[in-house]
Amino acid sequence: PINFWGAFNAWWRSELDRTGNRPTAVEINVWHDTEAENTWPERIRPNAKATRVHAKCLRSVDSVRAYFRTYRAVRKGVRTRAGEDDEDEAEDDGSTSEDD
């Protein structure tokens, strides 16, 4: 379901902001014990271990934004360099679009 981990992610990030540290396994277990029943229906409720495994992947919102800014910049640079390489090769063999 959309936003399945939303409540947990919000809590996890608020703890990261509040303490400056990632929540510990014990803190995650306590959250799960107190909040899981109100967060997910029983038939799809993840157990505490699945919640801890999910938490390993979490990062702060700023960290995620920085990652994707860097990723996009690298991708843009790769495409730009690839395009420049193609133009250089066209000049080297004496062919240009103006010759056509």
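**Figure 1. D62 and R65 in helix 4 of the predicted model.** The two residues sit three places apart in helix 4, about one turn of the helix. Their side chains meet in a salt bridge, at 3.9 Å from N to O. That distance falls within the 4 Å limit, so the contact counts as a salt bridge. D62 is exposed, with a relative accessible area of 55%. R65 has 46% and is therefore partly exposed. A search of the whole structure finds two salt bridges; the other view follows.

**Figure 2. A salt bridge between E15 and R18.** Here the N to O distance is 2.7 Å. Both residues belong to helix 1. Three residues separate their positions, about one turn of the helix. How does each partner rank by exposure, buried or exposed? E15 counts as buried, because its relative accessibility is 13% and the buried class lies under 20%. R18 counts as exposed, at 60% relative accessibility.

**Figure 3. The largest nonpolar core.** This core holds 12 residues in all. Its aromatic members include F4, W5, F8, W11, W12, W31 and W40. Also in the core are L16, I28, A36, A55 and L58. Helix 1 (6-19) and helix 2 (25-39) each supply at least two of its residues. Helix 1 gives the most, with four residues. In soluble globular proteins, nonpolar side chains tend to be buried together.

**Figure 4. F8 against W31, an aromatic pair.** The structure contains 11 aromatic pairs. In this one, the ring centres of F8 and W31 lie 5.1 Å apart. The planes meet at 70°, and the pair is edge-to-face. F8 lies in helix 1 and W31 in helix 2, so the pair ties together parts that are 23 residues apart in sequence. Both F8 and W31 are buried.

**Figure 5. A cluster of linked rings.** Ring pairs join F4, W5, F8, W11, W31 and W40 into a cluster. These six names also appear among the residues of the largest nonpolar core. The pair of F8 and W31 has an edge-to-face geometry.

**Figure 6. Surroundings of W11.** Which residues does W11 touch, leaving aside its neighbours within four places in sequence? The contacts are P23, E27, I28 and W31. Two of these partners, I28 and W31, are members of the largest nonpolar core, as is W11. W11 and W31 also take part in the ring cluster.

**Figure 7. F68 and Y71, an aromatic pair in helix 4.** The ring centres are 6.3 Å apart and the planes stand at 80°, so the pair is edge-to-face. The two residues are three apart in helix 4, and so are separated by about one helical turn. F68 is partly exposed, with a relative accessible area of 39%. Y71 is partly exposed too, with 40%.

**Figure 8. A nonpolar patch on the surface.** The patch consists of V64, Y67, F68 and Y71. Together these residues have about 380 Å² of accessible area. Y71 has its place in helix 4, which spans residues 61-92. At 40% relative accessibility, Y71 is over the 30% cut-off for patch residues. F68 has 39% and is over that cut-off as well. F68 and Y71 are also the edge-to-face ring pair of the previous view.

Technical notes:
Residues are numbered from 1 along each chain as its sequence is written. Side-chain values use heavy atoms; hydrogens and water are left out. Patches are made of residues with over 30% relative accessible area and no salt bridge: like charges are joined within 9 Å, nonpolar side chains (Val, Leu, Ile, Met, Phe, Trp, Tyr) within 5 Å. Accessible areas come from the Shrake-Rupley method with a 1.4 Å probe; for residues, only the protein chains shown count as cover. Buried means under 20% relative accessible area, exposed over 50%, partly exposed in between (1.4 Å probe, protein chains only). A nonpolar core is a set of buried Ala, Val, Leu, Ile, Met, Phe, Trp, Tyr and Cys residues joined through side-chain atoms within 4.5 Å. Contact means heavy atoms within 4.5 Å. Rings of Phe, Tyr and Trp (its six-membered ring) pair if their centres lie within 6.5 Å; planes under 30 degrees apart count as stacked, over 60 as edge-to-face and the rest as tilted.
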